[in-house]
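Colleague: I should like to learn how to read the strands and helices of a model. Would you take me through one, feature by feature?

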Amino acid sequence: EEKHETKTFRQRLLVVANRLPVSAVRKGEDAWSLEISAGGLVSALLGVKEFEAKWIGWAGVNVPDEIGQKALTKALAEKRCIPVFLDEEIVHQYYNGYCNNILWPLFHYLGLPQEDRLATTRSFQSQFEAYEKANQMFADVVNKHYEEGDVVWCHDYHLMFLPKCLKKHNKNMKVGWFLHTPFPSSEIHRTLPSRSELLHSVLAADLVGFHTYDYARHFVSACTRILGLEGTPYGVEYQGKLTRVAAFPIGIDSERFIRALDLPPVQDHIRELQERFKGRKVMLGVDRLDMIKGIPQKILAFEKFLEEDAYWRDKVVLLQIAVPTRTDVPEYQKLTSQVHEIVGRINGRFGTLTTVPIHHLDRSLDFHQLCALYAVTDVALVTSLRDGMNLVSYEYVACQEKKKGVLILSEFAGAAQSLGAGAILVNPWNITEVAAAIARALKMPSAEREKRHKHNFLHVKSHTAQEWAGTFVSELNDTVIEAQLRTRQ
Ligand code: ADQ
């Protein structure tokens, strides 16, 4: 019998992000070893079967020589990745400078770094020029690989200048841009010297997406107030067309976490942890070590809780796992020592010969260890000062079907809008309030815990990363079709 294979058409999707989802280590003049990092975005896009995704981005390493570049390009091609090569000076000015020293703190309402505020103001123009230049380098790679009909999805604050570069080259390209951080109040955005250039460029995209409705609204007000454009419930009228602006809350690959809990290595970790902390309640914090995550504030709140309630001192432990990031930035080094100092002080104050109240680790955990930790803990503490969404809160909920632990969640994380009904919401700046939330969580009756968990679990299970990616891309396709119909009318 003859077999007819129906080859379904899959639309090509070019995903452009600052970093490729791989870590590359050079093994010789023309040899590289690559490891795919199974982050949220990767599994989100692998899960969307109707698209054939390719990644474009920086591999995170400086490759000055042509032989190295050729070899890396070839190795990456097997992983469906296309590199953008950035030299050290550009990385310094664009990535460490404009992206991480200016946009990141500003978008999280933290202002410019305290000590070098004036220095930053002075270097602003040159860093912005490097930012434009880097974005043009990303655009050149996209343009080279673009085929008619492709969808181009640009990610995050690193690439706000990209939509304009792409549209300038080809106005028919379908371009979407999604921001993973908050978009701040227009009053904050207004302070940026390059406020208008960034808005104009983002508006060149067909679809602009944010995690929450508030961020979308802030963006539209920034366009209205700073550029004098007209905002509508659908987006912004821009140069005779509508730039669609909407909220697309991200999720996680919840099945990956739920399935992992049954794996033997995860079960082993779970047993070890249960044994290790027998007789004590366990609280958990998992964050990248970043000022937006509010780690010192969280630890101070825990101290306040211990101070007020002597009963708990030897019956509860806080495990704080903080993976270091951006370690070459002085502000982050300072944060590390600040956290160490507070942890040391509290452990000295409340520890005994055999126990300490805080276990603080400066490193990342592998996926199995992370799942086990999520599964065994009684309370998760997510106290971000601001956070676009915060996936740790989702991952915790996904792993708590058995235990039905309590999530204490900052009202300034995007996740507060989706998991707020099941979590205890707190203002992370108010350590008295957070201390009270800890006490409440530890004493919460099981019926209430179950009810709260159920609410959040249903949400996490039904709003997945795959669905998020699928919705964004089909909305982008629809937006472009609608715009074409309108111009034909
Ligand atoms: P992040 O600021 O990185 O992401 P988050 O959403 O919490 O914040 O994601 C962190 C990821 O890293 C999670 O998947 C978590 O499991 C992992 N991780 C963190 N610490 C770890 C550790 N010590 N060991 C192992 N893994 C660790 C940005 C925005 C967020 C937004 C996401 C996605 O700042 O607000 O939710 O992008 O859009």
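**Reading the sheet and its helices**

Modeller: Let us begin with one pair of strands: strand E7 (residues 174-178) and strand E8 (residues 207-210) pair in the parallel sense, over 3 bridges. Please bear in mind that this is a predicted model.

Colleague: What holds such strands together in general, and which residue in E8 is the bridge partner of Phe178?

Modeller: Strands of a sheet pair through backbone hydrogen bonds, in either the parallel or the antiparallel sense. Here, Phe178 has Gly209 in E8 as its bridge partner.

Colleague: In what order do the 9 strands of the open sheet lie?

Modeller: The order is E5-E4-E1-E6-E7-E8-E11-E10-E9, with mixed pairing. At the edges are strand E5 (81-83) and strand E9 (231-232), each of which pairs on one side only.

Colleague: Which strands does helix H4 lie across?

Modeller: Helix H4 (residues 117-145) lies across strand E1 (11-19), strand E4 (51-58), E5 and strand E6 (151-155), and runs at about 165 degrees to E1. Helix H8 (residues 213-227) lies across E8, E9, strand E10 (235-238) and strand E11 (241-247), at about 150 degrees to E11.

Colleague: Which residues have the most contacts inside the largest nonpolar core?

Modeller: That core has 147 residues, and those with the most contacts inside it are Val15, Val16, Val152, Phe219, Leu407 and Ile408. Leaving aside residues up to four places away in sequence, Val15 touches Leu45, Ala53, Lys54, Trp55, Ile56, Trp153 and His155.

Colleague: How should one read the two faces of a strand, and which residues of strand E15 lie on each side?

Modeller: In a regular strand, side chains alternate between the two faces of the sheet. In strand E15 (residues 379-382), Val379 and Leu381 lie on one side and Ala380 and Val382 on the other; all are buried, and both faces are covered. E15 runs parallel to strand E12 (residues 281-289), to which 2 bridges join it, and Met283 has Val379 as its bridge partner. A further 4 bridges join E15 to strand E16 (residues 406-410), also in parallel, with Leu381 partnered by Ile408.

Colleague: At what angle do helices H10 and H13 pack?

Modeller: Helix H10 (residues 264-276) and helix H13 (residues 367-376) pack at about 50 degrees, with their axes 8 Å apart. The two helices are therefore oblique to each other, and H10 passes H13 in a right-handed crossing. Among the residues that meet are Val266, Ile270 and Leu273 in H10, and Cys371, Ala372 and Ala375 in H13.

Conventions: Residues are numbered from 1 along each chain as its sequence is written. This is a predicted model: local features need pLDDT of at least 70, side-chain atom pairs count only at pLDDT 80 or more; totals for chains, interfaces and linings use all residues. Two strands pair if DSSP finds at least two bridges between them. Two residues are in contact if their C-beta atoms, placed from the backbone, lie within 7 Å. Axes are lines fitted to C-alpha atoms, for helices over the stretch in contact, and angles run from 0 to 180 degrees between N-to-C directions. A nonpolar core is a set of buried Ala, Val, Leu, Ile, Met, Phe, Trp, Tyr and Cys residues joined through C-beta atoms within 7 Å. A residue is buried if 20 or more other C-beta atoms lie within 10 Å of its own, exposed if 12 or fewer, and partly exposed in between; C-beta atoms are placed from the backbone. Angles under 35 degrees count as roughly parallel, over 145 as roughly antiparallel, 65 to 115 as roughly perpendicular and the rest as oblique. A crossing is left-handed if the near helix is turned anticlockwise from the far one by less than a right angle, and right-handed if clockwise.
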